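Reader: I work at the bench, and I like to know what stands behind the words people use for a structure. Could we go through some of them together?

Author: Gladly, let us look at it first.

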Amino acid sequence: MNIATNRLRPLTGAGRRLFIETYGCQMNAGDTEIVVSIMQREGYVYTERIDEADVILINTCSIRDNAEQRIWGRLSEMRRLRRERPGLIVGVIGCMAERLREQLTEGDRGVDVVAGPDAYRDLPRLVRSAEAGAKGVNVLLSQEETYAEIAPVRLDRNGVCAFVSIMRGCNNFCSYCVVPYTRGVERSRDPETIVAEVETLFANGYREVTLLGQNVNSYRFGEVDFPELLRRTASVSPQLRVRFATSHPKDMSDRLLETMASMPNICRAIHLPAQSGASTMLRRMNRKYDREWYLGRIAAIRRYMPDCAITTDLIAGFSGETAEEHEATLSLMREVGYESAFMFKYSERPGTFAQRHMPDDVPDAVKSARLTEIIALQGELSLASNRRDVGREFEVLAESVSHKRDDQLAGRTSQNKVVVFDRRDWRPGDYVRVRITGCTPVTLIGEPIDNR
Ligand code: 5AD
Ligand code: SF4
């Protein structure tokens, strides 16, 4: 719908207040900003206060069962709110809406609107129909939708770092993963709209963008592939930092590493989910690489960028995991020496290949024990990595006043490590040269070298 037709009829939102609660990954955080933009065009006003909202949307995640359980818990609290405030509209959007549309609308769940990840342009109509007393449901997945021309309303308030969605969906079908079912097929967004969005962000004072997609390395729009998109984005200004997530090891090309190495404002940080260190397990996971390939990619990263931080995702206790396979994950962690990791216990997801064909046969206590070991080892590796940084100098992009002490600023190094340092006259958005003087397992402590 274009703006001209919008003006010919009254806006359906007309000052009504919208509150959105977001769960899950960065893609969801980005989608929430798109939804706010779509709803604002209809006259809705975004509020951060749930108690004054006329419409509450919950942007949901299905990646593990505990994510969904939290949301069911939230929905029962919403039922109480609805009893207190007749006329309140409650909607569930995102992955769980896609996966559980029937359960969400049956009986009295207290859900008026259900919208999947590709149906957000339809939200104003869905909310209107809910206001008229019918449930508003749209979970159609699309082959094309990228919300390319919608300018997200930035909700993160530091005004320095922003996420920019460059593609949606996933075609990889890792056997444990629900994402290809909830977010649909992979599609890339027009690079001109991406670069235009990044230029606007830079002009508005932003100094860091993170290009987001489930598998950014397979980005392609016409002639433009991911290394080319990265080059164009980083060319907006040398004063703009560019990050990206997430990379799939199978598509991590030398051309991408070359592009990164050639532009200092592309950050020295790669998130490269391994999931497991055992080739036998990687085959069962349908990851399309083995341990040797993965280690080859790590060696290539180190060749091109010796100072590059590497982080990962790991799953403990996937179907059939043996003690040796678990040991292989621990040894991979030691061999790579990850800066940090997201670590999960396998959670069987309905409809996935694993749920249909591979029994979830590792006892929960074993999964937990293995996860605990993985977390403990990563704690050691992160601390060792931080200790190596003590005495070194980094350029830190200041992001915000530290939440612990207001005479300190928090920012990040190119390697994506958080540094806390004396504020003096520096402000968020400034680049500050900092010498690291100490560390905890999760934070570096530094002092600015230049005076201001
Ligand atoms: N159980 C546990 N972890 C999962 N992930 C994806 N699916 C599952 C699952 N069923 C993890 C993977 C992925 C991250 C986003 O979530 O490690 O990289
Ligand atoms: Fe899920 Fe694999 Fe796609 Fe990542 S690459 S979203 S783990 S299917």
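What follows is a conversation about the terms used for this model and the values behind them.

Author: Please keep in mind that this is a predicted model.

Reader: Let us start with helix α15. How do you know that the span of helix α15 agrees with its number of residues?

Author: Helix α15 covers residues 364-389, which is 26 residues, and at 1.5 Å a residue it should span 38 Å. The C-alpha atoms at its ends are 37 Å apart, so the two values agree.

Reader: Which residues of α15 are buried?

Author: The buried ones are Lys-367, Arg-370, Leu-371, Ile-374, Leu-377, Gln-378, Leu-381, Ser-382, Ser-385, Asn-386 and Asp-389. Their cover includes the helix α13 (323-336) and the strands β15 (309-316), β16 (340-345), β17 (393-401), β20 (431-439) and β21 (444-448).

Reader: And Val-366, why is it called partly exposed?

Author: Val-366 also lies in helix α15. Its relative accessible area is 30%, and partly exposed is the term between 20% and 50%, so the name fits Val-366. In sequence Val-366 is 43 residues from Ala-323, while their C-alpha atoms are 9.7 Å apart in space.

Reader: What comes after α15?

Author: Gly-391 follows α15, and its phi is positive, near 95°.

Reader: One strand that helps to cover α15 is β20. What makes Val-434 count as buried?

Author: Val-434 lies in strand β20. Its relative accessibility is 0%, and buried means under 20%, so Val-434 counts as buried. Setting aside residues up to four places away in sequence, Val-434 touches Arg-392, Glu-393, Phe-394, Val-396, Val-419, Phe-421, Gly-446, Glu-447, Pro-448 and Ile-449. Another residue to locate from here is Leu-397: 37 residues separate it from Val-434 in sequence, and 10.0 Å in space, C-alpha to C-alpha.

Reader: Now two helices. Why are α2 and α6 called roughly perpendicular?

Author: Helix α2 (residues 26-41) and helix α6 (residues 123-131) pack at an angle of about 65°, with 9 Å between their axes. Angles of 65 to 115 degrees count as roughly perpendicular, and α2 and α6 are therefore given that name. From α2 the contact uses Val-35, Ile-38 and Met-39, and from α6 it uses Leu-123, Pro-124 and Val-127. By kind, the residues of this contact are six nonpolar, no polar and no charged.

Reader: Let us try two loops. Is Ile-166 buried or exposed, and how do you know?

Author: Ile-166 is in the loop between β7 (161-165) and β8 (167-168). With a relative accessible area of 0%, set against the limit of under 20%, Ile-166 is buried. Apart from neighbours within four places in sequence, Ile-166 is in contact with Ser-188, Arg-189, Ile-194, Leu-211, Leu-212, Val-216, Tyr-219, Phe-226 and Leu-229.

Reader: Gly-184 has a relative accessible area of 8%. Why does that make it buried?

Author: The limit is under 20%, so at 8% Gly-184 is buried. Gly-184 sits in the loop between α7 (179-183) and β9 (187-188). Leaving out neighbours within four places in sequence, its contacts are Leu-141, Gly-169, Cys-170 and Val-179. Arg-168 is 16 residues from Gly-184 in sequence and 7.9 Å from it in space, C-alpha to C-alpha.

Reader: Cys-170 is in that list. Which residues are around ligand 2?

Author: Cys-170 is one of them, with Asn-172, Phe-173, Cys-174, Tyr-176, Cys-177, Val-179, Pro-180, Gln-214, His-248 and Arg-287. This shell divides into seven nonpolar, three polar and one charged.

Reader: What is notable in the backbone at Asn-416?

Author: Asn-416 has a positive phi, near 75°, and is a residue other than glycine. Asn-416 is in the loop between β18 (408-412) and β19 (418-422). At 37% relative accessible area, Asn-416 is partly exposed. Arg-424, which is not a glycine either, has a positive phi of about 45°, and it is placed in the loop between β19 and β20.

Reader: Last one: what kind of peptide bond joins Ala-245 and Thr-246?

Author: That bond is cis, with omega about 0°. Thr-246 belongs to the loop between β13 (241-245) and α10 (254-262).

Key
Residues numbered from 1 in each chain as written. Chains lettered and ligands numbered in written order. Predicted model: local features only at pLDDT ≥ 70, side-chain atom pairs only at ≥ 80, totals over all residues. Heavy atoms only, no water. Helix = DSSP H or I, 4+ residues; strand = E, 2+ residues; numbered from the N terminus. Expected span 1.5 Å × (residues − 1). Buried < 20%, exposed > 50% of the residue type's maximum accessible area, 1.4 Å probe, protein only. Contact = heavy atoms within 4.5 Å. Near = heavy atom within 4 Å. Nonpolar A, V, L, I, M, F, W, Y, C, P; charged D, E, K, R; others polar. Axes fitted to C-alpha atoms, helices over the stretch in contact; angles between N-to-C directions. Parallel < 35°, antiparallel > 145°, perpendicular 65-115°, else oblique.
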